[in-house]
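Student: I'd like a close look at one part of this molecule, please. Could you walk me through the strands and their partners, and then show me what lies around them?

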Amino acid sequence: MNWTDRSRIESYQVCPRLRWWGYEWGRTDEEIGGLEPELARLELEIGSGVHAGVAALLTYAKRHGLTDPVIEDAVALGTAAFAVETARGIALPQSLTPEAVEFKRREGAAMVEGMVWLAGLRIVPAILERFEVLEVEREGWASLTPEIRFAYRPDALLREKETGDLYIWSLKTASELYEAEFKRSMQGLSEVWAREQDNLEHDHDSHDPPKRIMGVQMCFILKGRKHEDKVRGCKVHYSPLTRAFLRDDGITHEWAWSWDVPKTNYKTGEEYVGKLGANFRAAPTWQYPGGVGEWVKALHRGEIQPECGDPFGKVWATPEPYFRSDLETVSWLRQVRVQEEAIVDNAAEVNQLEGLEREVALDELFPQEAKWTRGCYLYPGVECEMVPICLTPCDDPLSRGFRRRRANHPQEAGG
Ligand code: SF4
């Protein structure tokens, strides 16, 4: 059976060669295809850790409600997932010093910890106020064509208490919020279609099948822009979850989360936004007494610079739901069915070839589109991870720091 999912459909649309390397290279009837870098990708592992922690929060909350010990358990799960994946090493610029690499690892762990605490204190309670949680990270699949299965795993399925309407809930960790991107995102179509189709195809003991799902409620937790830190020699996220300010005169310690502070001109009485002052310096939140969790709890209780407003105001956002459109869904299905059927045939053909014949077939069937259109930068400042094997001839990518891809969905590994 052939499997696909949203990530691999999108990878083809970003760059067909990325789809080849990431999902089709070396595919046989017995083994799943694709390669991934041996070293962990920091941003990806932060996202995975946060998803693990938030999934635990939603599951626990569904059964027991939310208390600090429950959040602590979820934080431990999230940070453990991050630690396990990054233990094999992290892909970072070779120019970084060992101290800078360690700082980035510590910042990543703190980001996971801070985000899961934030989810436990603010985000999940806001969800529970309006919705009932029906499912959390439930694996499923639906037939895209008779020969291709679409695997999916929505973060949650929610039922609005007031209306009974169903929504897919989708969590994203990102540096910044790009509204246009999620408003036209495939996710608003694919997971809604797949969840309903799954109900029609399989006999689940699920909720009011085949009740219509109204759309996707996205939730963004933002890591903040990265800025060069000249002292550490690396880029750091400007986020109140991980980066605070400390005034330490040897006797007293004063912590702050905002560099901008409201002030009043003592002569005119005029109010203006001023700066904290030179006696403060940037300090990582894991140095706060009790660590990141205590820091986030103190911010949540409004104990630190309450005059500066909500410290989490720019850290998370839940835009209006993306409501489904049947016309759009039908059009999307037409497009991806043709795309995915062609990829099955094309990948089988290239995988049988060797040498120059293979190179020619790859150029024709999986062109290096993003090489020519965006210089292999998939996002501003983010270079494609396949550069080491894609831009210079490479017969054996497994000897260049890559390994076979791990299955994204367990059902794919099973057949
Ligand atoms: S290195 Fe460039 S051409 Fe190759 S897969 Fe990545 S984006 Fe595409």
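Tutor: Let's start with one pair of residues: Ala156 has Trp169 in E7 as its bridge partner. Keep in mind that this is a predicted model, in which local features need pLDDT of at least 70 and side-chain atom pairs count only at pLDDT 80 or more, while totals for chains, interfaces and linings use all residues. Residues are numbered from 1 along each chain as its sequence is written.

Strand E6 covers residues 156-160, and strand E7 covers residues 166-174. The names come from DSSP runs numbered from the N terminus (helices are H or I with at least four residues, strands are E with at least two). E6 and E7 run antiparallel and are joined by four bridges; two strands pair if DSSP finds at least two bridges between them. Together they make a hairpin with five residues between the strands. In the turn sits Gly164, with a positive phi of about 80°.

E6 has another partner as well: strand E3 (residues 131-136) pairs with E6 in the antiparallel sense over five bridges. Here Glu135 stands opposite Leu157.

Now follow the chain into the loop between E3 and E4, where you will find Glu137. Its phi is positive, about 45°, although Glu137 is not a glycine. Glu137 counts as partly exposed because it has 16 C-beta neighbours inside 10 Å. The rule is that 20 or more other C-beta atoms within 10 Å of a residue's own make it buried, 12 or fewer make it exposed, and anything in between is partly exposed, with C-beta atoms placed from the backbone.

You can set Glu137 beside Gln305, in the loop between helix H8 (292-300) and strand E16 (316-317). Gln305 is not a glycine either, and its positive phi is near 45°. Gln305 has 21 C-beta neighbours inside 10 Å, so it counts as buried.

Back to E4, which joins E5 (residues 148-152) through five bridges, the two running antiparallel. Trp141 has its bridge partner, Ala151, in E5. These strands belong to an open sheet of three, in the order E1-E5-E4, with mixed pairing. Strand E1 (2-4) and strand E4 (140-145) are at the edges with a single partner strand each, so each has one side without a neighbour in the sheet. On average, neighbouring strands here are turned by 35° against each other, direction ignored.

What lies across these strands? Helix H7 (residues 187-201) lies across E4 and E5, at about 95° to E4. Such angles run from 0 to 180 degrees between N-to-C directions, using axes fitted to C-alpha atoms, for helices over the stretch in contact.

Helix H1 (residues 6-14) also meets this group: its buried residues pack against E1, H2, E5, H7 and helix H9 (326-352). Contact means that two C-beta atoms, placed from the backbone, lie within 7 Å. The buried residues in H1 are Arg6, Arg8, Ile9, Ser11 and Tyr12.

H2 leads us on to the ligand, since H2 gives the most residues to the shell around it, namely three. Among the 13 residues around the ligand, Cys15, Gln368, Cys376, Cys384 and Cys390 come nearest. Helix H2 (16-24), helix H11 (369-374) and helix H12 (387-390) are the elements that give two or more residues to this shell. A residue is near the ligand if its C-beta atom, placed from the backbone, lies within 6 Å of it.

For a last comparison, look at another open sheet of three strands, ordered E12-E11-E15 with antiparallel pairing. Strand E12 (253-256) and strand E15 (281-284) are its edge strands, each pairing on one side only. Its neighbouring strands are turned by 40° against each other on average, direction ignored. Strand E11 (residues 243-248) meets E12 over four bridges in the antiparallel sense, and Arg247 stands opposite Glu254 in E12.
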